[in-house]
Structure formats: structure tokens, C-alpha cells
Amino acid sequence: MKRPSPATVALGAMVPVVRVLLLAGGLVVAGNGLVPARYAPWGRAVVLALAVVLVVREVRRRRTGGGAPAGRPALRVGGTRNELNGITYGHALMADVIKQVTFNDVRMPPTFKGTLDDAADRLAESVRKQWRDEEEQRKVRDPIPLPVRWQPASDELMDHWSNICDARPGALPVPGPLPLAGQLHEIVDVYRRIPSGRLVVLGRAGSGKSILTIRFVLDLLKSRTASSEPVPVIFSLASWDPAMPLRRWMTGQLERDYPGLAVMGPGPGASTLAAELVERDRILPVLDGFDEIADGLHRRALEKLNGHAAMHLLLTSRRDEYATAVQHTKALTAAAVVELTDLSPADLEHYLPRTARKATPTSTVWEPVLRSLREHPQDPAGAELAAVLTTPLMVALARILYSDTPDRTPSELLDSGLGTREALEDHLLDNFVPTLYQDQSPARRARVLHWLGYLAQHLDRLGTRDLARHVDAPGTRDLAQHPDRPGTRDLAWWQLGDSLSLSSRRCVIGLVAGLAFGLVDGLVMWGVTWFAFGFGPVMGLMNGLVNGFSFASMSALAFGIVYGYRYGEAACEPSRVRVRLLGGVTEMRKEFAPRMAIGLAGGFGLGALTWLMAALEFALVVAVRESPGSAVTAFLATRFDQGLNAALLYGVSAGLAYVLMAGLEGPIDIETVVSPPDLLHTNRTTALFQLLVLALVLGVMGGVLYWSGWFNIASWVAFGLVGGLGGGLAYALSMTAWGQWVALSRIWLPLTGRLPWNMSAFLADAHRRGVLRQAGAVYQFRHVRLQHHLTRAFRTATPQGGADRVRAERAV
């Protein structure tokens, strides 16, 4: 079914709240007209009490699901999630499935153990779906898996067999080597032969380590029979800072990729479900890419891993990086070590022909190449090609270029112009992306290569920034200048703006937020001046332009400064909640003090800015009509108590809105596999909903002040629209992950030609084509070799890319 737009979801979510407030407002207006003037204070108090009772009654009815009219189904209650699907009745009429709005509390069941069992089972299903889809996307089993094999590694890379076999001190006989050799479909069986439950898989670049980890996770989940069994989860070590405790980092990664695990347990000092699963060893970490940690940090990382000697795990790494770390400290405690072997010519004979179209009834396009490798093994070109096709990565690239493409023949791999191993690998990597985008025009393919190269360099820059935190570690200072140093692998949509310098980001964010605020203010003031004050359209337009420009300039400066102070070091993390309706009384009570303080501070600043702009505009009008000297007198004559009232009013309103949001937010369900597009969609919905809540609260506050005689109708409209819509929009564009994504990745970076205009669709398309892979809430390049290749190509083809890198390194 088609997913509703964020605006539809947010508006549908607001309808019940609007209904309650309209009924309460009707009582207020009726009471104001019926009660005599001398009894007005008492009458207003009674009417307000009735309004509060109505609101409380509506809240309780929705929380219990009671009170449904005959023939209309009441809302279900149960578990941690309750959704209203299909077409609802009355005021909540909607013609699509509402999957962003929930109606009851997300609370932990009474038995925490039962909650952990349920969370582990849901997580297992999410992990299974995620990596099953990724394996299908990469055609790992189409038509058959490549024969990935391994053998035991040398003894100097392993701990004592007594530790690996978990033998008691003095036990006889002394444990000896275990039978560790095997192939892809035996990985779980081999792992279970190791009493310590700790396995290290070594292999050179492209040797099949990622394929092995995916198959290990899927096969282990397939054999999982009890909720108490640990859930295997793949963690990319490229994003681990060894200065951070391993369990804390794993908890953060789980909460990022599976936001439902961020639910807090019951009781004071409770931790999240993710933290409990990690602390109680309900997670079996599959730590992928030890070699992708910066060279100077390998020793520190291995020492940290040795500090968790009882933790069952599977670790992958290139051989050289792991061997170097072992030389400087010791082998991973109690871990058996295996090493992946090369593919043989027989493996190619059995695999490549089955992936290609038939040239004749008995042969394929690979037959001439394979026959040459078989009959002329000493031929220089054939020998180099055979050496290249010993890793699953290069075989997969060759398959994409020649088996899946009808207008190319693999015989060109034997061309004398590709006579070296490096030239052959570069040829496969160079043509990989153009082949996947062969349905696009040459100009479009060139732009795609530029965009992908910019993204690869962006990841390299993030790695440079992270590496700069460890410049005092051995070897990291020299590594920071190395062209092939490890970057991060996680391509997160909320971090794309970090490819710009802080000064550029501050200017862009301030400009976009200021323009949004100024545009709303200018339009509102144009209408108010025209219709409420009777100045006419021309004078109203002039007043709107002056007012809008003053608001835009000052708010741009203010939001730019606040953004630089708040998000100068790290990008704004995306919100991992979804909108729900009512029922969040516990969350509102718990978050009342901090959220009210934040809302008061932000609203106070907005109110002060509003008063300052009004005073400056008044002084400017006086200067134009009379003399510049009179402007200073006019400004000083402005009542400061009015500015204080405006600041307090905006502060209280923003605080109440921010507190209300706590009761309208709930964590994403555990069983939901969070993808980058889904997380972006959820953040967009949440940001728009928060904007509507703020506008609604300010509108109601303005209505109360109008009813009490403090506001006229023009002030009510200006207060609600400028403060709620303008201020809320500026806040959303500058202080939320979605807003910063819009300002930087949807406006500025495409405007300057660095990225495409529809970035989300581009990333999803690159994943569908196989350039990127999905790892939870982030994307990664298909292989780190491809990422490094695109980075080097971008720097070579684009001088500006190298200049950006130099500026980035100076900035950190």
C-alpha cells in the first residue's frame, strides 16, 4: 500500500487534538458571552475548569480505547504498540494506513526478562530480514555461492590451545589443535567446535570476509531455537573509537540501527533494551573490518578486545594488520584463527560459466578465457588474470562486467594492454560503476562518478577528523597524511553536510533559517498591515519587506551562531521516535523540567528577537519620516517591559509545546528494520509534527490572550503565525537532523554541483544497482576497495577535491 506523505500523517495526527481544543474554546467563548460582566472572572474560571475536564476526559477515553459509539471499533490496547489502520471514524477520518501514529504508552511489561526475550526475538527477525535482503541484492547465491574456503592460521597468530578449548588448569591431556578447516556452508559448525566461542577470520582484500559474515549470521539465526540464545549482529569496526568502551559502542550502534531498542526499562536508573541485551551477553558481536581501524590504533583496539575475554565473538581482518597488532601486544585471548584461501582455476570453471548467457548450446562467453587459462598457464597475460581472479571480489566484478552485460566479452581481459595485475584490477574497478549505470547517458554516468567520488572523499574526510583525535598515538600522525589511510565506511545521510567546513555550514544554515523566518514574517506583516491597519497593498508590501528583511537578517545571525555552537563538532543525530497520539503522560512528567527549561530558553530568545526587530523597525520608520537623530530617541523610547513580556510569552509557549511533544513521541518498533530512507521519512514526519504542535500551542495561547483583552485580532494572527510557523520552521531547518539535511544536502550541495538534487533517491538507486550496501540506518560502499578507488579517481579528476581535502585536514 502506498505510504502516506509526512504532511498527511502529521495533519491526521493533529486532528483529535484540534477537536478537543475547539470544543474547549467553544465553551470559553460561550461562557464569556453568557456570564454577566461582574461575574466574568468567576465565570471564566468555571468555563476553564470545564474545558480542562473535557480535555482530561478525551485523553482518558483515548488511552483506554473506551467510549466508542455502537458499530465503531474501539482502539485496541496491548503490548508496546497500537496502531489505527485503515479508515477511522468521526474526526479521525483518513483514507490510508496511518503507520506513524500510535495511541497508547510504550511501556516496559512488568517482567523485564520477558521483555528481553521478546526484544531478542524481534531483533533476530530484523537482522535476518536485513541480511537476507542484502545477500539477495548482492547475488551471493545467484546461481550458487562462490566456494569460500579457509584453513587454520599459523600458531603465532593464535592464543594457547588450552585457552581456546577453555581447559581447566592442570587438565590432562593438554588440548591440541581443533579441526578448523572448512567452507562457506560449514561456518556455523566450525564456530561451534570452538569451546571459547571466539573466532578470528583473516583474509586479504576481497577474499570473501563480508560474504562469510553474512552467511554466518543467517545460518546461526536459522539454527536459533530459544529466546535465550544470543543474536548475531554485524558491527563495522571502522566506526569504533577504541577510546570508547566496546559495550557502550555496541549499544550505540544497536540503538542507531534498531531504534526500538532505545526503550528504557522500568525503575530508577534503568538502561535501554540495547544496553541490557549487550550487558547480559544476549548479543553475539560479529566485528567486521578490524583492519579498517587506523593503523596506529590497532594495538589499542586489540588490547580493548582482550579486556573482554569471556565475550563470544567473530572478528574479521586482513592478515597483515592483525599480525602487526599481535606482534605489539598478544593474540586475541582464547580465539581460534583461520585464514581464507584463494579461489582455484577449478572454482572459476565451475562458477563463471553458470553466471553467463549461452554463446552456443554447450558453451558461454567465458569458454575462450577459461580454456586459455587452462591450456596456457604460463602465458603472461593469462597468469596475471588468473592471479586477479583468485578473490571473490574480483570474480564478482568480472561477472558484472561480462556475464551480466550482453555487449562485452571477457576475452578483452587477455589483452596485452592489461598485462599487469594492477592494470587488470583497475580495469575492473574503473568499469564497475559505468556498467551498472549503462542505461544512463554518458553525461549522466560522468556526473554519477563525480557524485560517488565526492561521497567517497567525504567518508575519507570523516576518517581524517576522527583520526585527528588520536594524533598522539604511535603512527597516527604520519598516517593522517597517507593517501590510502582508512576512512569511515558509514555513509549517513545526516552527516553529508559535514563535507563542508564549519564556517560554510554555519553560513548556509543561518541563511536558510533566516530566509524561512523572514519570508513568513514578511507575508504575515504584509497581510496584517494591509487588512488590519488599512494601509493598502503597496504600503503593506513595503512594511512586509522591511519587516521580513530585518527578521531574516537577525534570525540568520542568531541561528547561525547557535548552530555553530551546538553542532560544530558533530552532526545533529536523527530523532529515533515516531509520532503517536496522547498517552504519553509518563514521558511528559519525566521530561517536563528539562524540556520546559530548553523551551523557555529558546522561546525567550525568539521573543527578545521579535521585540528587538519591532523596535529597530519602528526606529527605521521614524528615521525615514523625520530625521536620523530621532531614530535613536524612538528606539530608546520603546518599552522594555513589552520586550520582556514577549520573551516570557514565547518562552512559556515554546516550553509547553516542547513538553507536549514528549507525550506525542514513541520509539520505533523493535521489529522494524530501519533503513536510511525510512529513518529520513520518520524524521521528516516528526519535524513537521513538532512544527504543527508549536503553531497550535502559540495559536491557542494567542486566542486566550485575545479573549482576555491583551491582544487584538492582528496581534493574535501575528503572534501565532510568525512565532509558530516562522519560528518553528527556522528551528526545524537549523536544529533538527532533517532540517540540516534539507539545508545542506538538498539545497546547498546540489546548488554548488557537488551532489544531485534528489539525494535520497540517488542513494537508494545506488543501493539497488549494487554500488552501495545497506548496514542498518546507513549505507556503505560495496567494498572498501571500491571506496578507496573512487576517492583516488575523484582527487585525480577534480583538483578541487584535493583542495577540499587539504582544507579539511587543516580544519581538524
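Which residue in β7 is the bridge partner of Gln151? Glu339 is the bridge partner in β7, and that pairing is a handy way into the fold. A word on ground rules: this is a predicted model, in which local features need pLDDT of at least 70, side-chain atom pairs count only at pLDDT 80 or more, and totals for chains, interfaces and linings use all residues. Residues are numbered from 1 along each chain as its sequence is written, and side-chain values use heavy atoms, with hydrogens and water left out.

Let's start with the sheet. It is open, has 7 strands with mixed pairing, and runs in the order β2-β1-β7-β3-β6-β5-β4. β2 (182–183) and β4 are the edge strands, each with a single partner, so one side of each has no neighbour in the sheet. Strands here are DSSP runs of E with at least two residues, helices are runs of H or I with at least four, and both are numbered from the N terminus; two strands pair if DSSP finds at least two bridges between them.

Now walk in from the β2 edge. β1 (residues 149–152) pairs with β2 in the antiparallel sense over 2 bridges, and Trp150 has Gly182 as its bridge partner in β2. β1 is also joined to β7 (residues 336–340), again antiparallel, by 3 bridges. Further along, β3 (residues 198–202) and β6 (residues 313–317) pair in the parallel sense over 5 bridges, with Leu315 in β6 as the bridge partner of Val200.

Next, the cavities. A cavity is a set of points, on a 1 Å grid over the protein atoms alone, where a 1.4 Å probe fits but cannot get out, and its lining residues have an atom within 4 Å of a point. Grid points are joined across faces, edges and corners, and a volume is the space filled by probe spheres set on the points. The count is 7 cavities of 30 Å³ or more, and the largest has a volume of about 160 Å³. It is lined by 17 residues, and those closest to its centre are Ile234, Phe235, Ser236, Asp257 and Ala775. At least two lining residues come from each of α3 (112–137), β4 (231–236), α7 (246–257) and β12 (772–775).

Asp257 deserves a second look. It sits in helix α7 and counts as buried because its relative accessibility is 10%, where buried means under 20% relative accessible area with a 1.4 Å probe and protein chains only. Its side chain reaches the backbone nitrogen of Ala777 at 3.0 Å.

That brings us to the β12–β13 hairpin. The two strands have 2 residues between them, and Gly776 in the turn has a positive phi of about 70°. They pair in the antiparallel sense over 4 bridges, with Gln780 in β13 as the bridge partner of Arg773. From β13 (residues 778–781), Val778 and Gln780 point one way, Tyr779 and Phe781 point the other way, and all are buried.

Finally, helix α27 (residues 784–797) has 14 residues and reaches 20 Å from its first C-alpha to its last, close to the 20 Å expected at 1.5 Å a residue; the expected span is 1.5 Å times one less than the number of residues. Its buried residues include Val784, Leu790, Phe794 and Arg795. Arg795 counts as buried because its relative accessibility is 16%. Its C-alpha is separated by 8.2 Å from that of Gln457, 338 residues apart along the chain. The side chains of Arg795 and Asp460 are joined by a polar contact of 2.5 Å, a polar contact being a pair of N or O atoms within 3.5 Å where, within protein, one must be able to donate a hydrogen and the other to accept it, and residues adjacent in sequence count only if both atoms are side-chain atoms.

Technical notes
1 Å grid on protein atoms, 1.4 Å probe; cavity = no way out; pocket = protein on both sides within 12 Å on 5 of 7 lines; lining within 4 Å. Buried < 20%, exposed > 50% of the residue type's maximum accessible area, 1.4 Å probe, protein only.
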